[in-house]
Structures are given as C-alpha cells and as structure tokens.
Amino acid sequence: MKKALDPHSALRSLAARLEQPRWSAAGSVATGMLGAHRARARSFDAGLTVALTLDRPVSQAPEACLLLASTPEACDDALYLADDSLWLLRRFPERLTEVEFDLLLKQQLALAALLAGRDRAPPLVLPIAGRYA
C-alpha cells in the first residue's frame, strides 16, 4: 500500500534520513547532512521545500544557473546564495506518496551532483608559430 504524506509527515520522513538532524523551535524546519550535502527543509501548508548545498564555488554560479535552466526536469527548482554557498531548492507537491517523495528526493540529489563544479584542467599553452619545443 502506498502511504500518502502531507508536508509535515514528509518533513519527519526527511529528518529521519538526515545525519544529526536539528529542529527549529517551531518544529517546522529541519537541518542536517544528507549524504555529502548540507540540507535545510521546511514544511508549509502548500508543500515541503528542501534545499541542498552544491559543491561548486560561488564564482561559478552563472554556469550552474545556465545548466539548471537547460534541465527540463528541474523546471520548478531554483538556486540561491546563502552562507557563502550555492543551494539547490526544490518545492515538493502538497500530497505525495512515500514512493513519490523518495524518487523526487533522489532526483534532487542527482541534480545536485550534476550541478557540482568540476575541477578544470589548466588551459593548454599552444606553441608560438614556427617554434617547437
């Protein structure tokens, strides 16, 4: 049987996956580590939002925005800058089954890995015409 989750039960389900979850005083915000990413989650009546840090320098934010904009599966996702880190924000629908929530969360983690900055090799120095070393 597929169990339906409301935003508050989805937040509790996510908090169970976080390493050392910390709750806000009101109990509507949970923070912690989800795999290699810092995570923030908050439940609203209209749904759950989850933000994950990206392993990308802030100076490469424009490239990350372009990559996110070119990914049709992430049309409702957003990037924002806070605490000197880039965060990938996803708003989940108001009502989800456990399976749907799990799949959407895995998709967000995969997108965070896709948007992670890659170490670039230094540009090659081309020889000056007529000189070969």
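**Strand β5 and its surroundings**

V50 stands opposite R90 in β7. The model is predicted.

Student: Which strand does β5 join through five bridges, and in what sense do the two run?

Tutor: One facing pair is V50 and R90, the latter in β7. Five bridges link β5 to this strand, residues 85-91, and the sense is antiparallel. The partner asked for is β7.

Student: Which residue of β5 stands opposite R40?

Tutor: Strand β4, residues 37-44, pairs with β5 over six bridges in the antiparallel sense. A hairpin of two residues connects β4 to β5. Within β5, the residue opposite R40 is A51.

Student: How many residues of β5 are buried?

Tutor: In a regular strand, side chains alternate between the two faces of the sheet. On one side of β5, G47, T49, A51 and T53 are buried, and on the other side L48, V50 and L52 are buried too. Strand β5 spans residues 47-53, and the number buried is seven of seven.

Student: Which helix do the buried residues of α1 pack against?

Tutor: Helix α1 covers residues 7-17, and its buried residues are P7, S9, A10, L11, L14 and A15. These pack against strands including β4 and β5. The helix they pack against, residues 98-115, is α3.

Student: How many disulfides does a search of the whole structure find?

Tutor: A disulfide is a covalent bond between the sulfur atoms of two cysteines. C65 is partly exposed at 41% relative accessible area, and C75 is exposed at 64%. For the whole structure, the number of disulfides found is zero.

Key. Residues are numbered from 1 along each chain as its sequence is written. This is a predicted model: local features need pLDDT of at least 70, side-chain atom pairs count only at pLDDT 80 or more; totals for chains, interfaces and linings use all residues. Side-chain values use heavy atoms; hydrogens and water are left out. Buried means under 20% relative accessible area, exposed over 50%, partly exposed in between (1.4 Å probe, protein chains only). Helices (H or I, at least four residues) and strands (E, at least two) are DSSP runs, numbered from the N terminus. Two strands pair if DSSP finds at least two bridges between them. Contact means heavy atoms within 4.5 Å. A disulfide is a pair of cysteine sulfur atoms within 2.5 Å.
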